[in-house]
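Student: I have a model open and would like to go through it with you. Can we start with the charged pairs?
Tutor: Fine, put it up.

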Amino acid sequence: MEKLALLGGDKAIQRPFRKYNPLGQEELQAAREVIDSGVLSQFIGAWTEDFYGGPKVREFEHAAARHFGVKHAVTVNSWTSGLVAAVGAIGVAPGDEVIVTPWTMSASATAILHWNAIPVFADIDPDTYNLDPASIERNITPHTKAIMVADIFGQSADMDEIMAIARAHGLKVISDTAQAPGAMYKDRFAGTCADVGGYSLNYHKHIHTGEGGIVVTDDDEIAERVQLIRNHAEVVVAGKGVTDISNMVGHNFRLGEIECAMGVEQLKKLGGFVRSRQALAEQLTAGLSGLRGLKTPAVRPDRTHAYYVYPMQLDLAGLGLSRDRVCDALVAEGVAISRGYQNIHLLPIYQRKIAYGSQGFPWSSDICRRDVDYGKGICPVAEGLHDSNYIGFGMCVYDLDAADIDLIVHAFRKVWSNLDSLR
Ligand SMILES: *Cc1c(COP(=O)(O)O)cnc(C)c1O
């Protein structure tokens, strides 16, 4: 038996994996053409033709709407900006509650707070890591206005169930599909099943433009309000004839012409990137099958997984080891394993309820109509996964091939055949 690297043996993986880089000559040429044109942005924050931005912004939005099969695609300078615009566009008011998953990037919840609304955390499904519809229902109160789902790690949430709950209670749904562009839910793209959704274009997502995001919706009014919040709504509404001016507090969330020109090229490659990620993940799952106490990703039969992250779980009782011991052994062999999301409700901002100013606004003000609990224990599944048995491999950061996957499988098998030496 080979000696584990953690215990002084040789590493199973002796070379670094290539960094992910989805950009090529096409993006270079597209960016060059924009620079040659001299027009790096053409937005004007006023009700004129240029309120909608320049030619590449419009071309990318048109291509994205066609690609994802939606009526409207609106580009933004980050998906964080897209989330803020989406929450505002659906008419969330100060003190409204929005149900959100704790197992996501912090921006999903911060976008709610941005409008002085109150994030309420529901628990997740232990197989898919996405919001559990039953927990959503338990957290609905008379103050609930919307649900924010995240298609985490690359697999869509249970959209039919969640949309049915939302419709029954008169709630809007926002889909944070930053990690799952190109994944399918039944016959639709993930991100397009909610009232409004969208994708991140930051540099570690499947396709990217450095920074950026795309908001998608079939709703004309939501699209218009996202466009307004993106581009200085308050000075535009009068000229545009917008009479409902609630949340028409504008920003500059505009994406540039170079990014959009590159985005057009990236979008053409998305399907291929996702398919190759899926093939590698299937190879990894096959290679890891039969390892006792290791649970590989569960993909629901009615959807596909885009594998931003390859999520796994350990059966610690069966292994007789702590997660940290197993992770340390895998990391020592050269597999960069992560231990999951710090649950958002456990961040200091929620634990101390200090957001705007130092006096506890918005929770301490009378816009907040009840004492919302962010205590440890409110989301036992998500907390347990983070605290004890989740492990993940961030496929998104590498440009992997089949030989790399073989090495990863070899590293896992080496650790598993030496579990006794770790105990
Ligand atoms: C990346 C990400 C975001 C934020 O996207 P940016 O474009 O980096 O602002 C939000 N939510 C999730 C789940 C993400 O993975």
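Student: What do the side chains of Glu49 and Arg58 form?
Tutor: They meet in a salt bridge, at 3.0 Å from N to O. Keep in mind that this is a predicted model.

Student: Is Glu49 buried or exposed?
Tutor: Glu49 is exposed, with a relative accessible area of 57%. Its partner Arg58 is partly exposed, at 30%.

Student: How many salt bridges does the structure hold?
Tutor: There are 27 salt bridges in the structure. One of them joins Arg15 to Asp404, with the closest N and O atoms 2.8 Å apart.

Student: Where do Arg15 and Asp404 lie?
Tutor: Arg15 is in the segment before α1 (25-37), while Asp404 is in helix α14 (residues 402-416), so the pair ties together parts that are 389 residues apart in sequence.

Student: And Asp404, buried or exposed?
Tutor: Asp404 is buried, with a relative accessible area of 1%. Arg15, on the other side of the bridge, is partly exposed at 38%.

Student: What about Lys353 and Asp371?
Tutor: Their side chains also meet in a salt bridge, 3.2 Å from N to O. Both residues lie in the loop between α12 (348-351) and α13 (380-389), so the bridge ties together parts 18 residues apart in sequence. Asp371 is exposed, with a relative accessible area of 68%.

Student: Which residues are linked in a network of salt bridges?
Tutor: The network links Asp125, Asp158, Arg300, Asp302 and Arg303.

Student: Switching to helices. Why is α7 largely enclosed by the rest of the structure?
Tutor: Helix α7 covers residues 220-230, and eight of its 11 residues are buried, so the rest of the structure largely encloses it. The cut-off for buried is under 20% relative accessible area.

Student: Which residues of α7 are buried?
Tutor: The buried ones are Ile222, Ala223, Arg225, Val226, Gln227, Leu228, Ile229 and Arg230.

Student: What do they pack against?
Tutor: The helices are α2 (55-68), α3 (79-89) and α8 (233-240), and the strands are β1 (72-76), β8 (196-200) and β9 (213-217).

Student: What happens at the start of α7?
Tutor: A side-chain oxygen of Asp219 comes within 2.9 Å of the backbone nitrogen of Glu221 there. After the helix comes His232, which has a positive phi, near 55°.

Student: Now pockets. How much space lies in the largest pocket?
Tutor: About 490 Å³. It is lined by 34 residues, and those closest to its centre are Gln179, His204, Lys205, Tyr308 and Tyr341.

Student: Which elements give two or more residues to that lining?
Tutor: Those are α3, α4 (107-114) and β13 (390-393). Helix α3 gives the most, with three residues.

Student: And how does the lining split by class?
Tutor: The lining of the largest pocket has 17 nonpolar, 13 polar and four charged residues.

Student: Last one. Where does Gln278 lie?
Tutor: Gln278 is in helix α9, residues 257-288. The residue is buried, with a relative accessible area of 16%.

Student: What is Gln278 in contact with, leaving aside neighbours within four places in sequence?
Tutor: With those neighbours set aside, Gln278 is in contact with Thr304, His305 and Tyr307.

Technical notes: Residues numbered from 1 in each chain as written. Predicted model: local features only at pLDDT ≥ 70, side-chain atom pairs only at ≥ 80, totals over all residues. Heavy atoms only, no water. Buried < 20%, exposed > 50% of the residue type's maximum accessible area, 1.4 Å probe, protein only. Helix = DSSP H or I, 4+ residues; strand = E, 2+ residues; numbered from the N terminus. Contact = heavy atoms within 4.5 Å. Polar contact = N/O pair within 3.5 Å; in protein donor to acceptor, adjacent residues only side chain to side chain. Salt bridge = Lys/Arg side-chain N within 4 Å of Asp/Glu carboxyl O. 1 Å grid on protein atoms, 1.4 Å probe; cavity = no way out; pocket = protein on both sides within 12 Å on 5 of 7 lines; lining within 4 Å. Points joined across faces, edges and corners; volume = space filled by probe spheres on them. Nonpolar A, V, L, I, M, F, W, Y, C, P; charged D, E, K, R; others polar.
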